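Biologist: Could you take me through the sheet in this one, slowly, along with whatever sits around it? I'd like the cut-offs as you go.

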Amino acid sequence: MRTKPQLTFSKLDNKTGELLDRMFVKKDCMVEINPGRVILPADYMTIGSDILDMEVRENDVWMCSYPRTGSTWAQEMVWLIGHDLDYEGAKSLQQIRCPLVELSCIMVDGHSEWHDESVKGTSVDLVKYRLPVPRYIRSHLPWDLLPVDIQREDGFAKPKIIYTSRNPKDMVVSYYHYCTLVHGLKGSFEEFCDIFMKDHAPFGPVWNHILGFWNRRHDPNILFIKFEEMKRNLPAVVRRTAKFLEKSLSDDDVTKLCDHLSFSNMKTNRAVNLEAILEKSYGKSYLEATDLRFIRKGEIGDWKNYMSDDLSRSFDEWAAEHIKGTGLSFE
């Protein structure tokens, strides 16, 4: 049985802390969490231990990822397959029907009014007491910060875990725009890339996160999905996911689900595109004044529009150093 890790919370070094405070426009906005040297919003300190202590059920479905991997897209696919294509139920807000267990440390400050009205307590309480069974739960936390029950090896029937990954070059572009839109990030893309590669972006270090699940991909209760696979052949990923969840889909079911999951439909779907939350937090004029959107482009290779040759080369060298010998690769 896995022993509960001792969580420690450390103040960031002055240089890193001041940089993140400036970029996220908030004093002491991030802390370092161990195990894992994970950079997380300071509000995680109020719920981190509760997450570790959570009871995990064998019929849970956990959807895990680093931020901006196409996880909202994958989450919609997983929830609908698991709920026998309940498109009516999918009209409810995705952030509540399959919430991030750590949502309460993310949707703070400008989003606190929406959080308090919709979550009604903490996101941990929402998962524990209000989600229907079987529970569909989402998290951006790395492996070591997930509930202790998930790693039990004493005959406990483990929940299903679906991990979504993406080429980190595209991921960092999307993450930068997300932080700008949702969290008011101030700073250049180059600055954001620098903190990302130095493991100082929220939820980093990124390679520890990805490899923590990749190295367990052969476990029977874990399905590892790549964003690029979903883009290249969504029907195949839908069928693989359905098999993993022990659900049967007809060809017509797959076609209808893929249409629901099309980029154009996802982008305009207010149950998933975060517009209802952003309007509640900032007013309708906020989205009218910007071209940024939560569901932005959904493309492979968008990094080419943002990275200089030198930055791309540095990024590739950094990535190669971390995935050498792991068998992991990205387009």
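Modeller: Sure, terms first: two strands pair if DSSP finds at least two bridges between them, and the elements are DSSP runs numbered from the N terminus, with helices being H or I of at least four residues and strands E of at least two. Bear in mind that this is a predicted model, where local features need pLDDT of at least 70, side-chain atom pairs count only at pLDDT 80 or more, and totals for chains, interfaces and linings use all residues. Residues are numbered from 1 along each chain as its sequence is written, and side-chain values use heavy atoms, with hydrogens and water left out.

Now the sheet. It is open and has four strands, running 5-4-6-7 with parallel pairing. Strand 5 (136-139) and strand 7 (222-226) are the edges; each has a single partner strand, so one side of each has no neighbour in the sheet. From one strand to the next, the twist averages 20° (axes are lines fitted to C-alpha atoms, for helices over the stretch in contact, and angles run from 0 to 180 degrees between N-to-C directions).

Next, strand 4 (residues 61-65) and strand 6 (residues 160-165): they pair in the parallel sense over five bridges. Ser65 of that pairing sits opposite Thr164 in strand 6. Packed on the sheet is helix 3 (residues 71-82), which touches strand 4, strand 5, strand 6 and strand 7; contact here means heavy atoms within 4.5 Å. The direction of helix 3 makes about 165° with that of strand 5.

Follow the surroundings to Arg97, which is in helix 4 (residues 94-97). Arg97 has 9% relative accessibility, so it counts as buried (under 20% relative accessible area; exposed is over 50%, partly exposed in between, with a 1.4 Å probe and protein chains only). Its side chain makes a polar contact with the side chain of Glu76 at 2.9 Å, and the Arg97 side chain also reaches the backbone oxygen of Ala90 at 2.9 Å. A polar contact is a pair of N or O atoms within 3.5 Å; within protein, one must be able to donate a hydrogen and the other to accept it, and residues adjacent in sequence count only if both atoms are side-chain atoms. Beyond its neighbours within four places in sequence, Arg97 has contacts including Trp79, Leu131, Tyr136 and Val272.

One last stop: Lys160 lies over the face of Phe244, 5.7 Å from the ring centre. That label requires NZ of Lys or CZ of Arg within 6 Å of the ring centre and within 35 degrees of the ring normal.
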